[in-house]
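This report describes how two chains meet and how a sheet in one of them is arranged. The structure is shown first, and the description follows.

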Amino acid sequence: MPTTYQIVVCGGIVPDPLQSLEPVMGPTGPALKNEMMLPSVLDPWAWHALFEAADLAKRHPGSKVWLVSMSPKAKLQQVMMGLAQKVPFELVVVDGPASGFADAVETAAALAGAIEGIPDLDRSKLLLFGGWQSASRGTGAVLQMIGEILGIDEQFQGVDKLTVDDSGGLEILERIEAGAWQKSRCAGAPAVLGWATGELPEPPNNPQIGMQNMRGIMPALQQAKPAALSGEGLSYDSVESPKQRRETRVETEMDADAIADEIAAWLKG
Amino acid sequence: MDTKVLWIGFTDGSGMLEKPALEALTAACTIADGLGGELVAAVVGGSAETALGQIGGASPASVTTVTGETWSAPRYKTDAAACEQVAKTTEAGIVVSAAGSRFSRIAAGLAQRLGGAVDTQVTAAKVEGGTLKVDRWFYRQRMIGTIQRSTRPWVLSVAPGSFAPCAEGAVEATPLEVATESRTTPLGVEAGTSGAQTIRPDADVLLVAGAGWTKKQADGEVHVDVAADLILDFAESARASLGSSKSMVDLASEGQAVLPFLTHLHQIGQTGASPRHPKGLATCCHGEEPHAVGWRFINERRAINTNAACGWAQGKADVLYVADAFEVMRKVNERLK
């Protein structure tokens, strides 16, 4: 009998990477200037995780993918308009902040609660996917903590490749130092996989998948439970963009030999 | 408990502690001294004898070892179990380790098990008025924050290159037995790239190759083979580490000419690494601030490209050479041989 999986992908939204970001200190702590006005995207590594999840589910018929996101639901709805056309998934929403300044502990607890609330989720077949770090907080913490809360203690981070063998064993490549991978074999689900880039290109838009997804997305957004994060125990003294601007010496007239001499001397110096 | 600082070091395949582990030990010392607390240490790995000769400079009050075949290779469940038991046994309020892949894999899980909090990739630590404050970057190196927490235990991972390595010296240790088993079997390490190793974290210089290398040149032709030779020649001659822009590694999926030895592992910037090297030379790179975060932690920066107004270099590099990188790099390579 082929192995089937219940794949839960955790992913928040982040400001479009091409936007300029400026921190501001508010009464409740730091935030981004004009945060609600900034265009958002699904977190880049969660984006890869979602595509890997959909590909795995496609190769193992009977599997299913959920996308669990804690984000302001109005902004998440905008992101879903594009994302929904990529791959099939069922959305679960926690209406809460997507800020990089929120605490990982509280974020993990809210997301774990949402996953525990998924009806008929078979934990023995659960693969918990997500990005190995976010492009906001960037601690690489939330997925590990959700795994611990759900009692999953086979975890992998910086995953670039997952291969499933005939017995359901998982062979996994995790990024380590110096451009190498740690190769491991896990006996099977349940497991946590924090994805790096993976191996798949961005899927093309598929309007049929989009329509199918949107039937579930709008109710999920309407039913989103709010998560109020207290931020207790964490305080920020300051958050600032580095202001250092270098005085760049621009050489437009030097010939190649002179430039090469200068660079070689600089490298040897 | 709140002022007791636990440093955890993982040994490599030869039983030694690598430089980032000794840097994290300095951070732990700094925190313990500032808090007027006690520093305790733990070494986890296949063996610890050599490592015990490396950490004496920190004068830890006690040293615990968790060793054996089970810990000879990284694995979440066994590493987390070892660190959890050490942290609970020592009743540390602050837990510090290097932000390498091994501790990064378990840091948050460890904090969750301890009922504490976690902050990763810490770049500075100081104690003011008896309060520990740490610096870390947010939004992919776009902004830096100073934070403090009342939650304990507080698990911290220290970014490589943020502190000087601790002085060496020998210490005595007490072994700790940890019972654990896992459904995961480590199978070894695979090289991320074929051919020569081009990612060198300890290199003095980072060469960043941008997408311009694969575009049409002055003669109207693309010269990817020549570009590959020039880049690899430089990486070898200068013992440089090699990085690339996102657009460069994305070209393959777009069906364009690519440099085959560049992978996502080489990618620096917004969705890649921000490596630390004393010098950086960017070639044929273009883009604005979001892309330039890839060399946030490069001390001396120079760039070669054909656009004097390029946002990658203006205000971010010390020197911008407006020139043909093919011609310049060929001559640089001649001078380095």
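In this predicted model, helix α6 (residues 256-268) of chain A packs against helix α9 (residues 325-336) of chain B, their axes lying 8 Å apart at an angle of about 50°. Angles from 35 to 65 degrees fall outside the roughly parallel and roughly perpendicular ranges, and α6(A) and α9(B) are therefore oblique to each other. The crossing of α6(A) past α9(B) is right-handed. On the side of α6(A), the contact is formed by Ala256(A), Asp257(A), Ile259(A), Ala260(A), Asp261(A), Ile263(A) and Ala264(A). Helix α9(B) contributes Glu327(B), Val328(B), Lys331(B), Val332(B), Arg335(B) and Leu336(B). Sorted by class, the residues of this helix contact comprise 8 nonpolar and 5 charged, with no polar ones.

A second link between the chains is made by strands. Strand β14 (residues 234-240) of chain A runs antiparallel to strand β8 (residues 143-149) of chain B, and 6 bridges join the two. Within this pairing, Glu240(A) has Ile144(B) of β8(B) as its bridge partner.

For the interface as a whole, 72 residues of chain A are in contact with 76 residues of chain B. On the chain B side, strand β11 (residues 184-191) gives the most, with 8 residues. The side of chain B that touches chain A consists of 32 nonpolar, 24 polar and 20 charged residues.

Chain B also holds an open sheet of 7 strands, paired in parallel, in the order β5-β9-β4-β1-β2-β3-β10. Its edge strands, β5 (117-122) and β10 (174-175) of chain B, each pair on one side only. Strand β1 (residues 4-10) and strand β4 (residues 94-98) of chain B are joined in the parallel sense by 3 bridges. Here Trp7(B) has Val96(B) in β4(B) as its bridge partner.

Two helices of chain B that pack on this sheet are set out below.

| Helix of chain B | Strands of chain B touched | Angle between directions |
|---|---|---|
| α1 (residues 19-35) | β1, β2 (38-45), β4 and β9 (154-158) | about 155° with β4(B) |
| α3 (residues 76-90) | β1, β2, β3 (62-67) and β4 | about 155° with β1(B) |

Angles over 145 degrees count as roughly antiparallel, so α1(B) is roughly antiparallel to β4(B). By the same cut-off, α3(B) is roughly antiparallel to β1(B).

Conventions. Residues are numbered from 1 along each chain as its sequence is written. Chains are lettered from A and ligands numbered from 1 in the order in which they are written. This is a predicted model: local features need pLDDT of at least 70, side-chain atom pairs count only at pLDDT 80 or more; totals for chains, interfaces and linings use all residues. Two residues are in contact if their C-beta atoms, placed from the backbone, lie within 7 Å. Helices (H or I, at least four residues) and strands (E, at least two) are DSSP runs, numbered from the N terminus. Ala, Val, Leu, Ile, Met, Phe, Trp, Tyr, Cys and Pro count as nonpolar, Asp, Glu, Lys and Arg as charged, and the others, Gly among them, as polar. Two strands pair if DSSP finds at least two bridges between them. Axes are lines fitted to C-alpha atoms, for helices over the stretch in contact, and angles run from 0 to 180 degrees between N-to-C directions. Angles under 35 degrees count as roughly parallel, over 145 as roughly antiparallel, 65 to 115 as roughly perpendicular and the rest as oblique. A crossing is left-handed if the near helix is turned anticlockwise from the far one by less than a right angle, and right-handed if clockwise.
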